[in-house]
Amino acid sequence: MTEPQAQRLAMSDFDYDLPPELIAQEPLADRSASRLMTLNRASGDISHRTFMELPNLLRDGDLLVLNDSRVLPARLAGRRRSGGEVEVLLLRELEGRHWEVLMRPARRLRLGEEIVIPSRSGKPAPEATVTVIEKGIDGEGVVELDERLAISLHEYGRAPLPPYISSQLDDDERYQTVYAAHPGSAAAPTAGLHFTKAMFEALAGQGIGVAHVTLHVGLDTFRPVTASYAEDHAIHREWCAVPEPAAAAIAAARARGARVVAVGTTAARTLE
């Protein structure tokens with residue numbers, strides 16, 4: 001007898017309708033005023049709250065696990081010397097000022113070509129350049145940053161926003177968590193954007209602990225899934241780390257029977 005084949009997971013099973021008008025385009029002045037939906041797994045009941053109510057949903061001894069990755073100013077708006085705009089999105093730093101990138105449009109770019117990157121400060125400043133070293137499929141490639149750009153990336157780049165956000169934020173810091181510490185992400189771990197310093201004080205006052213892990217969000221955040229089945233989708237690598245203090249805090253919470261709550265999918269897959 002032959003074993004039955006496992007049923008393939010169709011990506012269409014995950015389709016749902018999300019009206020564009022329900023996608024927030026600007027952040028609230030108060031991070032913690034954002035909406036929060038809760039689902040009771042035992043009863044199936046759904047309730048709608050605000051994020052500032054989160055401390056009331058946790059118990060003394062629970063542990064929150066947060067991804068403290070910081071978003072790089074990785075979106076570079078440039079131009080070809082022959083004319084034409086080019087956008088370069090830095091994804092992962094390699095050796096010798098080389099970076100894995102996404103380039104758009106990439107089809108006409110030549111190996112060895114320099115892309116000019118003007119300063120975004122609004123003040124007279126020297127231009128920087130990136131040089132195309134490798135070209136792959138779907139706009140992927142490797143570029144070399146000149147020394148000026150490598151040293152002063154924040155003067156030339158902006159925080160890359162998800163494709164469903166139509167305009168650039170006035171303040172790039174609003175697309176960072178308040179506890180962001182280690183630069184390396186191409187996009188923010190968004191579940192943590194709603195925490196404030198006041199909320200962490202309230203959590204500590206209720207005996208709720210916090211542990212930090214790091215996962216640098218990579219290429220798949222920006223790449224659409226084009227495969228019909230989940231098994232056929234190529235997943236790119238992401239760098240992550242669980243420091244010893246975090247591992248010890250998680251082990252202690254589990255030993256005392258407390259809940260370990262991963263804040264967002266990046267923290268969850270780091271723990272996995």
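Two strands count as paired here if DSSP finds at least two bridges between them. Keep that rule in mind for the barrel, the first stop in this predicted model.

**Stop 1: the barrel**

Select strands E5, E6, E7, E10, E9 and E8. In that order the six strands close into a barrel, with antiparallel pairing. From one strand to the next, the twist averages 45°.

Now narrow the selection to residues 85-93 and 98-104. These are strands E6 and E7, which run antiparallel and share six bridges. Show Glu93 and look across to E7: the residue opposite is Trp99.

Move on to E8 and E9, at residues 114-117 and 128-135. This pair is antiparallel, with four bridges. Val116 can serve as a marker, since Thr129 in E9 stands opposite Val116.

Add residues 140-145, strand E10. Five bridges join E10 to E9, again in the antiparallel sense. Within this pair, Glu134 has Val142 in E10 as its bridge partner. E9 and E10 form a hairpin with four residues between the strands. Select Asp138 in that hairpin and check the backbone: its phi is positive, near 60°.

**Stop 2: the E1-E2 hairpin**

Select residues 35-39, which make up strand E1. Which side chains of E1 point to the buried face? They are Leu36 and Thr38; Arg35, Met37 and Leu39 point to the other face and are not buried.

Extend the selection to residues 46-50, strand E2. E1 and E2 run antiparallel and are joined by five bridges. Thr38, one of the buried residues of E1, stands opposite Ser47 in E2. Six residues lie between the two strands of this hairpin. In the turn, Gly44 has a positive phi of about 80°.

Stay in this area and show the side chains of Arg49 and Glu53. They form a salt bridge, with 3.8 Å between the closest N and O atoms. Both residues are partly exposed: Glu53 has a relative accessible area of 27%, and Arg49 comes to 30%.

**Stop 3: salt bridges across the sequence**

Side chains of opposite charge can pair when their charged atoms come close. The count for the model is 15 salt bridges.

Select Arg8 and Asp232. Their closest N and O atoms are 2.7 Å apart, in a salt bridge. Arg8 belongs to the segment before E1 and Asp232 to the loop between strands E12 (209-215) and E13 (240-241), so the contact ties together parts 224 residues apart in sequence. Arg8 is partly exposed at 40% relative accessible area, and Asp232 is partly exposed at 47%.

Next, select Asp172 and Arg120. Their side chains meet in a salt bridge at 3.8 Å, N to O. The two residues are 52 apart in sequence: Asp172 sits in the loop between helix H3 (153-156) and strand E11 (182-185), Arg120 in the loop between E8 and E9. Is each partner buried or partly exposed? Asp172 has a relative accessible area of 15%, so Asp172 falls under the 20% cut-off and counts as buried. Arg120, at 38%, is partly exposed.

For a network, select Arg75, Glu87 and Arg104. Salt bridges that share partners join these three residues. Glu87 is found in the stretch of strand E6 (85-93), and Arg104 in that of E7 (98-104).

Keep Arg120 on screen and add Glu155, which lies in helix H3. The C-alpha atoms of Glu155 and Arg120 are 6.2 Å apart, although the residues are separated by 35 positions in sequence. Glu155 is partly exposed, with 35% relative accessibility.

**Stop 4: the largest pocket**

Rolling a probe the size of a water molecule over the atoms shows where empty space is left. To find the centre of the largest pocket, select Ile23, Ala24, Tyr164, Ile165 and Thr190, the residues of the lining that lie nearest to it. The full lining has 24 residues, and the pocket volume is about 1,100 Å³.

Colour the lining by residue class to end the tour. What does the lining of the largest pocket divide into? There are 17 nonpolar residues, four polar and three charged.

Note on methods: Residues numbered from 1 in each chain as written. Predicted model: local features only at pLDDT ≥ 70, side-chain atom pairs only at ≥ 80, totals over all residues. Heavy atoms only, no water. Axes fitted to C-alpha atoms, helices over the stretch in contact; angles between N-to-C directions. 1 Å grid on protein atoms, 1.4 Å probe; cavity = no way out; pocket = protein on both sides within 12 Å on 5 of 7 lines; lining within 4 Å. Points joined across faces, edges and corners; volume = space filled by probe spheres on them. Nonpolar A, V, L, I, M, F, W, Y, C, P; charged D, E, K, R; others polar. Salt bridge = Lys/Arg side-chain N within 4 Å of Asp/Glu carboxyl O. Buried < 20%, exposed > 50% of the residue type's maximum accessible area, 1.4 Å probe, protein only.
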